[in-house]
Amino acid sequence: PQWDLRCTGKKNRYTWCAAVTKNGNDSFFNSLLRVDAKDCGAGQLLELPPGLFASEPVFVPTPGSDAEDDGVILDVIYNANTGCSELWVMDASQIDRVIAKAFLDHHIPHQFHGCYVAGLE
């Protein structure tokens, strides 16, 4: 799962994670989920099309914003239909709103771990 890392060590409201849903494409993470802890764990679900599989999402906050879900979710999606990966950018406050996709001509090893930093010192 991923959360706004600015909330690490504090109570946080939102969590984003890869999920498995029973949609006929359920052999691996076939969906992304946004969980709202304040609303009894209610969630928003983004089910991926057949043959597409999610990796761990990364939350990137909007610079200058303090809102816990003001930003984007980045996720490397593996497309088993093409054998290539895609980078999806979604609205963190509405996970099913895909803002952009970048299509790669190769795959990125699935579940490759990484994180976002604002800059290097």
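F53, in this predicted model, touches N25, S27, F28, F29, L48, V76, I77, Y78, A80 and H110, if residues up to four places away in sequence are left aside. The residue itself is placed in strand 4, which covers residues 52-54, and because its relative accessibility is 11%, F53 counts as buried. A separation along the chain can be set beside one in space here: F53 and V35 are 18 residues apart in sequence, and their C-alpha atoms are 19 Å apart.

V76, I77 and Y78, which are among the contacts of F53, lead on to the strands that follow later in the chain. Strand 6 and strand 7 run antiparallel and are joined by eight bridges, and one of the pairings between them sets V72 against its bridge partner D91 in strand 7. The two strands form a hairpin with four residues between them, and in this hairpin G83 takes a positive phi near 75°. Strand 7, made up of residues 84-91, is largely enclosed by the rest of the structure, because seven of its eight residues are buried. On going further along the chain, one meets another hairpin, formed by strand 7 and strand 8 with two residues between them. Six bridges join strand 7 to strand 8, the latter comprising residues 94-103, and these strands also run antiparallel; within this pairing, L87 stands opposite A102 in strand 8.

D91, already met as the bridge partner of V72, also takes part in a side-chain interaction, since a salt bridge is formed between the side chains of R97 and D91, with an N to O distance of 3.4 Å. The two partners differ in their exposure class: D91 is buried, with a relative accessible area of 14%, whereas R97, at 42% relative accessibility, counts as partly exposed.

An earlier part of the chain supplies a separate piece of architecture. Three strands form an open sheet in the order 1-2-3, with antiparallel pairing. Its edge strands are strand 1 (14-19) and strand 3 (42-47), each of which pairs on one side only. Neighbouring strands of this sheet are turned against each other by 20° on average, when direction is ignored. Strand 2, which holds residues 31-36, pairs with strand 3 in the antiparallel sense over six bridges, and in that pairing S31 has E47 of strand 3 as its bridge partner.

Strand 2 also carries charged residues whose side chains reach other parts of the chain. The count of salt bridges comes to four, and one of them is the meeting of the D36 and R13 side chains at 2.8 Å, N to O. This pair links distant parts of the chain, with D36 in strand 2 and R13 in the segment before strand 1, 23 residues apart. At 9% relative accessibility D36 counts as buried, while R13 is partly exposed, with a relative accessible area of 29%. A further salt bridge is made by the side chains of R34 and D69, at 2.6 Å from N to O. R34 lies in strand 2 and D69 in the loop between strand 5 and strand 6, so this pair ties together parts that are 35 residues apart in sequence. Both members of the pair are buried, R34 with a relative accessible area of 7% and D69 at 16% relative accessibility.

The loop that holds D69 is also the place of E68, between strand 5 (58-61) and strand 6 (71-79). What is the nearest side chain of opposite charge to E68, which is buried yet has no salt bridge? It is that of R13, 6.6 Å away, and a salt bridge would require a side-chain nitrogen of Lys or Arg within 4 Å of a carboxyl oxygen, so the E68 and R13 side chains do not form one. The side chain of E68 does, however, reach the backbone nitrogen of R13, at 2.6 Å. R13 is thus met in two settings, with its side chain in a salt bridge with D36 and its backbone nitrogen reached by E68. Leaving out residues up to four places away in sequence, E68 touches D4, C7, N12, R13, Y14, W16 and F59.

Methods:
Residues numbered from 1 in each chain as written. Predicted model: local features only at pLDDT ≥ 70, side-chain atom pairs only at ≥ 80, totals over all residues. Heavy atoms only, no water. Buried < 20%, exposed > 50% of the residue type's maximum accessible area, 1.4 Å probe, protein only. Lys, Arg positive; Asp, Glu negative; His and termini not counted. Polar contact = N/O pair within 3.5 Å; in protein donor to acceptor, adjacent residues only side chain to side chain. Contact = heavy atoms within 4.5 Å. Pairing = 2+ DSSP bridges. Axes fitted to C-alpha atoms, helices over the stretch in contact; angles between N-to-C directions.
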